[in-house]
Amino acid sequence: MGGLMTIGLMVAGLVFGFNPSKLIGLTNSLGGGGGGLGLPTGGGVEYDANAAKNDEDAQFVSAILGYTEDTWTQVFKSYGAKYQPPKLVMFEKSVRSACGTQSSAAGPFYCPGDNQVYIDLDFFRELKKMGAPGDFARAYVIGHEVAHHIQNLQGISMKVQRQQRQVSKTQANRLSVLTELQADCYAGVWVHHTQKRTKFLELGDLEEGLNAAAQIGDDVLLRKAGHTPHESMYTHGSAAQRQEWFTKGIQFGDMRQCDTFGLAGVSL
Ligand SMILES: [Zn+2]
């Protein structure tokens, strides 16, 4: 199998005159040298002590993680690369990670240091109260966090963090926005290919996902907290921007269309 794949890649290289995986910056995951990223733990789900295992919400999270594993494996393969899935940790109240101890107030997050996606089940129940009901609102959030893992595999997270340490707070926020919008776009790419593969979308799902993207837009959250939104305060992007990039991913299903950095004239 390995030999066949190598030959296939060589043929692709001869025909196209380039290394296909270079297109999306995935050469690291081909050779297995993680480039100092730390080796992913090999996927699967883990439960923190406080999280209820048999919970319906927990089963839903596991199912969506499964969709991300299958779809990203297929997408990476199409670029001639091998996908290394993240491990997903479900927690309630608080959790310890390589990124420090986080409380539920922080919401779901991805920690590049241990390659793990942390999903807070309390936050999932809160999404409805935040004006983002529906199972696909949750699927979008998981898709977005897994997208941060993709960015980590591509080496993007590391480059962004390095630049952020050298610039002003406003500039660092701008880099954060570009990272988050790219993650929204990747989440859309995941939806595109999962739909193609499994027809998993039900009536109203896309609306639920797009609505969730808007409800956690910086302008909406700032306004809810009693602030006047200003672009320099954004860390994730406005409601309109988040919807726009999520939609772009869904429409094209092409990671190369998600180059938020290039479009903003930022070279990493
Ligand atoms: Zn994010």
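Visitor: Where in the chain is Asn115 found?
Guide: Asn115 is found in the loop between β5 and β6. Keep in mind that this is a predicted model.

Visitor: Is Asn115 buried or exposed, and how do you know?
Guide: We count neighbours. Asn115 has 23 other C-beta atoms within 10 Å. A residue is called buried if that count is 20 or more, so Asn115 is buried.

Visitor: What is the sign of phi at Asn115?
Guide: Positive. Phi of Asn115 is near 55 degrees, and Asn is not glycine. Here's why that catches the eye: most residues other than glycine have a negative phi.

Visitor: What about phi of Lys93, and where is Lys93 found?
Guide: Phi of Lys93 is near 70 degrees, again a positive value in a residue other than glycine. Lys93 is found in the loop between β2 and β3.

Visitor: Why is Lys93 called partly exposed?
Guide: Lys93 has 13 other C-beta atoms within 10 Å. Exposed would need 12 or fewer, and buried would need 20 or more. A count of 13 lies in between, so Lys93 is partly exposed.

Visitor: What comes after that loop, and how do you know that β3 and β4 pair?
Guide: Strand β3 (residues 94-97) and strand β4 (residues 100-103) are joined over four bridges, in the antiparallel sense. Pairing takes at least two bridges, so four is enough for β3 and β4 to count as paired. One of the matches is Ser94 with its bridge partner Ser103 in β4. Together β3 and β4 form a hairpin, with two residues between them.

Visitor: Which strands make up the open sheet, and in what order?
Guide: Four strands form it, in the order β1-β2-β6-β5, with mixed pairing.

Visitor: What makes β1 and β5 edge strands?
Guide: Each pairs on one side only: that goes for β1 (45-47) and for β5 (109-111). On average, neighbouring strands of this sheet are turned by 25 degrees against each other, direction ignored.

Visitor: How do you know that the pairing is mixed?
Guide: Walk across the sheet. β1 and β2 pair in the parallel sense over three bridges, and Glu46 stands opposite Val89 in β2. β2 and β6 are parallel too, over five bridges, and there Val89 has Tyr118 as its bridge partner in β6. β5 and β6 (residues 116-120), though, run antiparallel, joined by three bridges. In that pair, Tyr110 stands opposite Val117 in β6.

Visitor: Which helix packs on this sheet?
Guide: Helix α3 (residues 56-78) does, touching β1, β2 (87-91) and β6. The direction of α3 makes about 165 degrees with that of β2.

Visitor: What makes you say β2 is mostly covered?
Guide: Four of its five residues are buried. For the whole chain, 38% of the 268 residues count as buried.

Visitor: Why is the packing of α5 and α8 called oblique?
Guide: Helix α5 (residues 135-153) and helix α8 (residues 205-215) pack at an angle of about 60 degrees, with their axes 7 Å apart. That value is not under 35 degrees, not over 145 and not in the range 65 to 115, so α5 is oblique to α8. Their crossing is right-handed. Among the residues of α5 that meet α8 are Phe136 and Tyr140, and on the α8 side Gly209 and Ala212 take part.

Visitor: Which residues have the most contacts inside the largest nonpolar core?
Guide: They are Ile119, Tyr140, Ile142, Tyr186, Ala187 and Ala212, in a core of 57 residues. Helix α7 (residues 169-198) gives the largest share, 11 residues. Ala187 touches Tyr140 and Phe246, among others.

Visitor: Where is Phe246, and what makes it count as buried?
Guide: Phe246 is in helix α10 (residues 239-252). Phe246 has 28 C-beta neighbours inside 10 Å; the cut-off is 20 or more, so Phe246 is buried. The residues Phe246 touches include Cys185, Ala187 and Gly209. Phe246 and Gly209 are 37 residues apart in sequence, with 8.9 Å from C-alpha to C-alpha.

Terms used: Residues numbered from 1 in each chain as written. Predicted model: local features only at pLDDT ≥ 70, side-chain atom pairs only at ≥ 80, totals over all residues. Axes fitted to C-alpha atoms, helices over the stretch in contact; angles between N-to-C directions. Contact = placed C-beta atoms within 7 Å. Core = buried A, V, L, I, M, F, W, Y, C linked by C-beta atoms within 7 Å. Left-handed = near helix turned anticlockwise from the far one by under 90°. Lists of a residue's contacts leave out its neighbours within four places in sequence.
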